[in-house]
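Got your viewer open? Let's take a walk through this model, one selection at a time.

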Amino acid sequence: MKILLADDMDIVREGIACEIKKVIPDAEIDDFSDGKYAWEAVQEKTYDLVFTDISMRVMHGPELAERIHSYAPEIPILFMTGESPLRIQEMGIQMERCIFKPVTAAKIREMLSELDSLLPFQIRKPVCETEQQAEQEKTQPVRKKGWFARLFR
C-alpha cells in the first residue's frame with residue numbers, strides 16, 4: 001500500500017503519517033512539503049491513495065489533485081484542511097473528500113470506510129470499541145497533584 005502525503009507543515013505531516021499508520025499499518029508513506037514535489041513523485045511512482053492539504057506553498061492541493069486526476073484518475077484523493085466548510089464549497093471541493101484538521105486515526109478510518117469501494121486495500125478495524133476514547137484521552141493534559149499551586153511559589 002503506497003500513500004502520498006502532502007502538507008507544507010513538517011510537524012503536521014509527521015503527525016498525520018502516524019495517524020495513517022494506525023489505520024493502515026503496512027502503508028509505505030512518501031511525504032512532501034508542497035504540491036510541486038508531490039506531483040513530480042506521482043509521475044515517477046504509482047500510489048494507491050493521496051492525502052493532500054488544501055493550502056500549501058508552491059502548488060495548492062486542488063491543483064495537485066486536478067493534475068493527478070488527469071494523469072491517473074484511478075487514484076483516490078483525500079483533502080486535509082483547516083478551512084471552513086463554506087470555503088471548501090467555494091473552492092468546488094467535495095465535502096465527502098475532506099478530513100478536517102486535526103487529522104486523527106478515527107477520522108481517517110471513517111473517511112476510508114465511506115470510500116471502501118474505491119480502495120484497493122483493507123482498512124484496519126479499531127483494536128477496541130473505546131479506541132476513540134483512548135485517542136481523546138491522549139490529548140488531555142496530564143495533571144499532577146498540586147502542579148498549579150507550584151507555579152506560584
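Which residues point one way from β4, and which point the other way? Select the strand β4, residues 77-81, to find out. Ile 77, Phe 79 and Thr 81 point one way, Leu 78 and Met 80 point the other way, and all are buried. Buried here means under 20% relative accessible area, exposed means over 50%, and partly exposed is in between (1.4 Å probe, protein chains only). In a regular strand the side chains alternate between the two faces of the sheet.

Some ground rules before moving on. You're looking at a predicted model, where local features need pLDDT of at least 70 and side-chain atom pairs count only at pLDDT 80 or more, while totals for chains, interfaces and linings use all residues. Residues are numbered from 1 along each chain as its sequence is written, and side-chain values use heavy atoms, with hydrogens and water left out.

**Stop 1: the neighbours of β4**

Add β3, residues 49-53, to your selection: β3 and β4 pair in the parallel sense over 4 bridges. Two strands count as paired if DSSP finds at least two bridges between them. Helices (H or I, at least four residues) and strands (E, at least two) are DSSP runs, numbered from the N terminus. Look for Val 50, which stands opposite Ile 77 in β4.

Now show α3, residues 61-71, too: β3, α3 and β4 make a right-handed β-α-β unit. Right-handed means that, with the strands pointing away from you, the path from the first strand over the helix to the second runs clockwise.

On to β5, residues 98-100, which pairs with β4 in the parallel sense over 3 bridges. Cys 98 in β5 is the bridge partner of Phe 79. To get from β4 to β5, the chain crosses through α4 (residues 85-91), and this β-α-β crossover is right-handed as well.

**Stop 2: the whole sheet**

Show every strand. You should see 5 strands forming an open sheet in the order β2-β1-β3-β4-β5, with parallel pairing. Why does one side of β2 (28-32) and one side of β5 lack a neighbour in the sheet? These two strands stand at the edges, each with a single partner strand, so one side of each is left free of a neighbour in the sheet. On average, neighbouring strands are turned by 20° against each other, direction ignored. Axes are lines fitted to C-alpha atoms, for helices over the stretch in contact, and angles run from 0 to 180 degrees between N-to-C directions.

Next, pick β1, residues 2-6, which pairs with β3 in the parallel sense over 4 bridges. Ile 3 has Leu 49 in β3 as its bridge partner. Then add α1, residues 10-23: this helix packs on the sheet, touching β1, β2, β3 and β4, and its direction makes about 165° with that of β2. Contact means heavy atoms within 4.5 Å. Back at α3, you'll find that helix lying across β1, β3 and β4, running at about 175° to β4.

**Stop 3: α2 and a ring pair**

Select α2, residues 35-44. Its buried residues are Gly 35, Ala 38, Trp 39, Ala 41 and Val 42. Seen down the axis of α2, they fall within an arc of 160°, so they line one face of the helix. That arc is taken from the directions from the helix axis to the C-beta atoms. The buried residues of α2 pack against β1, β2 and α3.

Keep Trp 39 and add Tyr 71 in α3, which is 32 residues apart from Trp 39. Rings of Phe, Tyr and Trp (its six-membered ring) pair if their centres lie within 6.5 Å; planes under 30 degrees apart count as stacked, over 60 as edge-to-face and the rest as tilted. The count by this rule is 1 aromatic pair. The centres of the Trp 39 and Tyr 71 rings are 5.5 Å apart and their planes are at 80°, so the pair is edge-to-face. Trp 39 is buried, with a relative accessible area of 14%, whereas Tyr 71 is partly exposed at 45%.

**Stop 4: two loop curiosities**

Most residues other than glycine have a negative phi, and most peptide bonds are trans. Select Val 58, in the loop between β3 and α3: its phi is positive, near 70°. Val 58 is exposed, with a relative accessible area of 62%. Then jump to Pro 102, in the loop between β5 and α5 (105-114). The peptide bond from Lys 101 to Pro 102 is cis, with omega near 5°.

**Last stop: zoom out**

Colour by secondary structure and you'll see 7 helices and 5 strands. Buried residues make up 41% of the 153 residues in the chain.
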